[in-house]
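This report describes selected features of one protein structure. The reader is invited to follow it alongside the sequence and the coordinates.

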Amino acid sequence: DAAGGKEGAASPSTVEAIVREADAAFDRGDYPDARRLYERAVRSAAAVHTLSRLALLQSWDGDLRESTANYRRALALRPGDVDLSLDLARVLSSQNELLDATRIYRDLRALRPDDPRVLLGLGQALALRGRYEEADAIYRDMEERRIEPIEAHLARARMQAWSGDLDRAEHFYGDVLRADPGNIAARIGLAQVKHREGLDRTAKAQAENIVLDHPDNREAQALKRQIEESLRPFGAVDGVRLSEDEGHRVDSGTAAYTFMAEPQTAVRIDYSTYDATFRCTNPGLCDEVAAGPGVDEVVSARATQLMAGVTSRLIKPLGFHARIGAAREEEFGGGARTLLVGGGSVRWQVGRRFAVTGIASRAPLYDSAVLIDRGLKADNADIDLEYRYRPAWTLGGRAGFGLYSDGNVSESAAASITWRLPAAHPWLTGRFEVRYRRFNDDKDNGYFDPVRYDSE
């Protein structure tokens with residue numbers, strides 16, 4: 001039973017008193033108490049009013065399966081009720097039961113072709129299924145026929161945000177606010193877009209102002225909490241083990257702490273360790289190791305790295321990242337060295353679809369104990385291009401140049417295509433990438449074989 005067990009049944013007069021008390025609690029905004037009372041009433045006598053009110057409160061609390069079950073029970077008592085059917089379809093959409101929701105909305109549209117609740121709900125269900133063109137046609141038709149045109153434009157804004165086209169979403173929300181400056185849904189939507197764009201300096205101020213103007217609005221309060229939580233300091237720990245059949249193994253771990261210097265600037269401090277071992281299984285390669293292990297002998301090397309970095313969204317189209325730190329490497333023979341490491345990137349968004357990123361770094365190679373022992377490091381410069389030509393499709397390209405501390409030089413290029421499943425849930429992506437890299441000096445030894453390094 002979605003509302004609870006059958007025990008504790010009360011007389012009809014007592015049930016009526018419980019429902020009156022529940023209605024009073026609901027009217028004064030005491031929703032937890034109202035839900036408790038409606039559940040008690042439904043256990044004794046299921047009626048359309050109590051079932052629908054209980055289902056509504058359950059949907060607000062996120063108990064969507066229980067809500068769906070109670071809306072279906074209410075519809076069984078009052079078949080064909082439009083309001084109950086709309087409520088059921090709304091909860092089904094939230095529950096990601098989009099096919100059932102679409103079917104209900106289509107049936108209702110046949111009965112009420114001009115009902116804005118039906119049209120908006122159908123458009124939303126289609127948009128959540130990734131059928132953006134069908135949804136947009138419904139919304140544009142509503143605007144042309146002047147059926148709640150502001151709500152239709154709001155729905156188009158939400159759809160653009162769902163599809164990832166945040167620039168167009170911002171434009172549509174702006175249209176609504178120019179037509180209706182106090183529209184709370186548009187204000188919330190615009191703040192959500194700013195938050196997703198990483199412009200939390202603006203988003204935080206907007207969310208605070210919305211809550212100040214509408215202190216009882218649940219969506220505004222949730223957005224304000226979401227932004228505040230995203231700006232809180234946090235820590236992370238991760239570990240990785242890499243091993244391959246030629247005797248190399250690297251165990252690495254990183255502990256990081258991130259805090260916000262201001263809403264659009266994050267500072268990250270991390271400490272990493274790399275413990276690498278090498279068991280020489282190929283006699284032809286054993287001599288390349290400084291310690292000169294024999295076959296099946298094991299040598300080890302260790303490296304640690306302390307790094308501090310800053311990531312900032314300076315303005316809407318411009319993002320910046322820089323990091324600097326020090327690494328300490330221990331050799332096979334017991335010696336050690338310290339070196340400066342770091343890097344940075346600048347990303348520029350050109351219009352809605354195109355972005356270019358420049359990246360530079362100095363980094364050691366910690367892929368094996370032998371590389372740590374020899375202290376090989378690389379100075380790299382890359383440029384990334386990204387073109388988002390449809391909501392679910394992104395083309396990418398990269399060109400790079402690397403200068404190694406042993407005098408070697410690498411040139412690289414890559415092209416990729418990324419596809420995202422055109423639905424809000426689940427969020428699935430697939431990526432196909434082709435990469436090319438060439439070294440000026442194709443060394444072939446146990447210390448660094450570029451071809452084998454790439455393949456492994």
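The sections below treat strand pairing, one helix, salt bridges and aromatic contacts in turn.

## Basis of the description

The structure is a predicted model. Every value quoted here should be read with that origin in mind.

## Strand pairing around β2

Strand β1, residues 234-243, pairs with strand β2, residues 248-262, in the antiparallel sense, and the pairing comprises ten bridges. Within this pairing, D238 has T254 of β2 as its bridge partner.

Strand β2 also pairs with strand β3, residues 265-279, again in the antiparallel sense, over 14 bridges. Here G253 stands opposite T273 of β3. Two residues lie between β2 and β3, and the two strands form a hairpin.

## Helix α9 and its surroundings

Helix α9 covers residues 149-163. Its 15 residues should span 21 Å at 1.5 Å a residue, because the expected span is 1.5 Å times one less than the number of residues. The C-alpha atoms at the ends of α9 are 21 Å apart, in agreement with the expected value. Just after the helix, G164 adopts a positive phi of about 95°.

The buried residues of α9 are A152, H153, L154, A155, R156, A157, M159, Q160, A161 and S163. Which elements cover the buried residues of α9? The covering elements include the helices α7 (116-128), α8 (132-144), α10 and α11 (184-196). Strands β8 (377-390) and β10 (409-420) are also among them.

## Salt bridges

The model contains 41 salt bridges under the distance criterion applied. Two of the examples below lie within a single helix, as the positions of D33 and R36 and of K224 and E228 show.

In the first example, the side chains of D33 and R36 meet with an N to O distance of 2.5 Å. Both residues belong to helix α2, residues 31-44, where they are three residues apart, about one turn of the helix. D33 has a relative accessibility of 17% and therefore counts as buried, since the cut-off for that class is under 20%. R36, with a relative accessible area of 44%, is partly exposed.

A second salt bridge joins D167 and K316, whose side chains meet at 3.0 Å, N to O. D167 lies in helix α10 (residues 166-179), whereas K316 lies in the loop between β4 (298-315) and β5 (318-330), so the pair ties together parts that are 149 residues apart in sequence. D167 is partly exposed, at a relative accessible area of 23%, and K316 is likewise classed as partly exposed, at 29%.

The third example is formed by the side chains of K224 and E228, at 2.6 Å, N to O. These residues are four apart in helix α13, residues 218-230, and are thus separated by about one helical turn. The relative accessibility of K224 is 24%, in the partly exposed class; E228 is also partly exposed, with a relative accessible area of 28%. Elsewhere, salt bridges with shared partners connect D167, E170, K194, E197 and K316 into one network.

## Aromatic contacts

Eight aromatic pairs are counted in the model. In one of them, the ring centres of Y31 and W60 are 5.1 Å apart and the ring planes stand at 80°, so the pair is edge-to-face. Y31 belongs to helix α2 and W60 to helix α3 (residues 48-60), so this pair ties together parts 29 residues apart in sequence. Y31 is partly exposed at 27% relative accessibility, and W60 is partly exposed at 34%.

How are the ring planes of Y274 and Y366 arranged? Their centres are 4.6 Å apart and their planes lie at 45°, so this pair is tilted. The pair links distant parts of the chain, with Y274 in strand β3 and Y366 in the loop between β7 (354-364) and α15 (369-374), 92 residues apart. Both Y274 and Y366 are buried.

Ring pairs also link F26, Y31 and W60 into a cluster. In addition, F26 takes part in a contact with a charged residue: R53 lies over the face of its ring, at 4.0 Å from the ring centre.

Technical notes
Residues are numbered from 1 along each chain as its sequence is written. This is a predicted model: local features need pLDDT of at least 70, side-chain atom pairs count only at pLDDT 80 or more; totals for chains, interfaces and linings use all residues. Side-chain values use heavy atoms; hydrogens and water are left out. Two strands pair if DSSP finds at least two bridges between them. A salt bridge is a side-chain nitrogen of Lys or Arg within 4 Å of a carboxyl oxygen of Asp or Glu. Buried means under 20% relative accessible area, exposed over 50%, partly exposed in between (1.4 Å probe, protein chains only). Contact means heavy atoms within 4.5 Å. Rings of Phe, Tyr and Trp (its six-membered ring) pair if their centres lie within 6.5 Å; planes under 30 degrees apart count as stacked, over 60 as edge-to-face and the rest as tilted. A charge sits over a ring if NZ of Lys or CZ of Arg is within 6 Å of the ring centre and within 35 degrees of the ring normal.
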